[in-house]
Amino acid sequence: MAGRNHLCIPGPTNIPDSVQSAMLVPMEDHRSSDFPKLVQPLLEDLKKVFKTTKGQAFIFPATGTAGWEIALSNTLSPGDKVLIFRFGQFSHLWMEMATRLGLSVQCEEVAWGEGIPLGRMETILGADSRHEIKAILATHNETSTGVTSDIGGIRKAMDATGHSALLFVDGVSSIGCIDFRMDDWGVDVAISGSQKGLMLPAGGAMLAFSQKALAARDHSTCPKCFLDIQDHINANKDGYFPYTPSLPILYGLRKSLDLLLEEGLENVFARHYRLAEGVRKAIEAWGLELCAKEPKWHSDTVSAILVPNGFNAQDVITTAYNKYNIALGAGLSQVAGKVFRIGHLGDLNDVSCLAAIAGTEMALLDNSIEIQPGAGVGAAIEYYRNTA
Ligand SMILES: *Cc1c(COP(=O)(O)O)cnc(C)c1O
């Protein structure tokens, strides 16, 4: 099909041309005396995106999923109790991983479309007077339902109950897009991946560990080898890696961090909010609803949109892809067929979102979902023009 495919899924996201070019590098000796000049500032600048000065950043040649495992296996021991709230496919997969690693998982069910319930969290922590819960696993932005949870609120609940658990946060689809404050919120391990807000291909797991999490490494007995942070600590100290790093990912990350820091993180967050608001105006104008049940859960990086009863969201996605060359995100697991997703994160602007809205609108109409032609585009246009 002529023209470019419009990638409107919540990851992988579009790669800026300057990042794409920065990744086209000849291979080089990763043990050369020059190499630390790339690595050391990269690890320092990565910390800025996590908003940590006290923590330590890591880059693994892996993906976000490995990030979960790096957090768990480097800090915990088999049988340790972890608390997780399950409200979507990503919190579900993280919960499953914790079980498979031999941890004792307290899984609290929350309706898909809601986020972490702070009151319930505080009650559970308050009742755990012997501090048997060793870690809380929180998915900041649940990409499958388009729900953002309040991580600062979790820290408050922990402080209110004087609970000593470690706080691990999956920020794979929030970091670099939605405000994230590792130090302020007392996050112990923050997890990110290369292919969402960092605008790179998949292949990099980026993390930051607090001093408390680093100290936990010394007495954790979960098996770890390739994902052991200690080998990275030893090699990173001099600007190297314990094994061959992915050079394109490192050079691409250099450029994407430059872009984010030049724009300014607060401006990046404001841009994501505004673009997301335009998409939400369109959804409202179509008369459709988000999977996220309340505005406080609305995600600024992805909107999961419910199709009316009797319709299959997969048909909308298939039409959009085959007929209009636009990729929308599928509904996963519990919400398969019920939602389709528009990713609005990374390298995008008003017109990129309008393309997503227009393509979606045509696919909705083709599938006999009753919307007013142009309603969504019109609402978004007005919003973007008036807030430009
Ligand atoms: C994409 C995603 C992951 C998984 O990342 P991979 O790079 O696919 O391993 C984990 N958590 C969230 C919230 C995600 O959006």
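1. Start with F226, in the loop between α7 (211-216) and α8 (229-236). With a relative accessible area of 41%, F226 is partly exposed, because that value falls between the 20% and 50% cut-offs. Its C-alpha atom is 40 Å from that of L290, and the two residues are 64 apart in sequence. Keep in mind while reading that this is a predicted model.

2. Here are some other pairs to set beside that one. Y273 belongs to helix α10 (residues 265-286), and the C-alpha atoms of Y273 and L345 are separated by 9.8 Å, with their positions 72 residues apart along the chain. Y273 has a relative accessible area of 40%, so it is partly exposed. E28, in the loop between α1 and α2, has its C-alpha atom 38 Å from that of S77, although the two are 49 residues apart along the chain. E28 is partly exposed too, at 31% relative accessible area.

3. E108 is worth a look as well. This residue lies in strand β4 (residues 104-109). Is E108 buried or exposed? E108 counts as buried, because its relative accessibility is 18% and the cut-off for buried is under 20%. From E108 to T301 the C-alpha distance is 25 Å, for a sequence separation of 193 residues.

4. Now to the ligand. Which residues surround the ligand? They are T63, G64, T65, W68, F90, N141, T143, D170, V172, S173, Q195 and K196. By type, this shell divides into seven polar, three nonpolar and two charged residues. Helix α3 (residues 64-73) supplies the largest share of the shell, with three residues.

5. Some polar contacts to the ligand can be picked out. D170 has a polar side-chain atom 2.6 Å from a nitrogen atom of the ligand. On the oxygen side, a polar side-chain atom of Q195 is 2.8 Å from a ligand oxygen, and G64 uses a backbone N or O atom, 3.0 Å from an oxygen atom of the ligand. As for cover, the ligand taken alone exposes 380 Å², and the protein buries 88% of that.

6. Back to helix α3 for a moment. How many of its 10 residues are buried? Eight are, so the helix counts as mostly covered. The buried ones are G64, A66, G67, W68, I70, A71, L72 and S73. Two of these names, G64 and W68, also turn up in the shell around the ligand. It may help to recall that an α-helix has 3.6 residues a turn, so residues three or four places apart point the same way.

7. Another spot in the ligand shell deserves a mention: the charged end of K196 sits over the ring of F90, 5.3 Å from the ring centre. K196 and F90 are both among the residues that surround the ligand.

8. Five aromatic pairs are present in the structure. One of them joins F58 and F209: the ring centres are 5.4 Å apart and the planes stand at 80 degrees, so this pair is edge-to-face. The pair links distant parts of the chain, with F58 in strand β2 (residues 56-60) and F209 in strand β10 (residues 205-209), 151 residues apart. Both F58 and F209 are buried.

9. A few backbone details stand out. Most residues other than glycine have a negative phi, and most peptide bonds are trans. Against that background, the peptide bond from G11 to P12 is cis, with omega near 0 degrees. P12 sits in the loop between β1 (6-8) and α1 (17-23).

10. Two non-glycine residues with a positive phi are also worth checking. K51 has a phi of about 55 degrees and is placed in the loop between α2 (35-50) and β2. N325 has a phi of about 60 degrees and lies in the loop between α11 (313-324) and β13 (326-328). How do they stand for exposure? K51 counts as partly exposed because its relative accessibility is 24%, while N325, at 12%, counts as buried.

How values were computed. Residues numbered from 1 in each chain as written. Predicted model: local features only at pLDDT ≥ 70, side-chain atom pairs only at ≥ 80, totals over all residues. Heavy atoms only, no water. Near = heavy atom within 4 Å. Polar contact = N/O pair within 3.5 Å; in protein donor to acceptor, adjacent residues only side chain to side chain. Areas by Shrake-Rupley, 256 points an atom, 1.4 Å probe, with all protein chains shown as cover. Helix = DSSP H or I, 4+ residues; strand = E, 2+ residues; numbered from the N terminus. Nonpolar A, V, L, I, M, F, W, Y, C, P; charged D, E, K, R; others polar. Phe/Tyr/Trp six-rings, centres within 6.5 Å; stacked < 30°, edge-to-face > 60°. Buried < 20%, exposed > 50% of the residue type's maximum accessible area, 1.4 Å probe, protein only. Lys NZ or Arg CZ within 6 Å of the ring centre and 35° of its normal.
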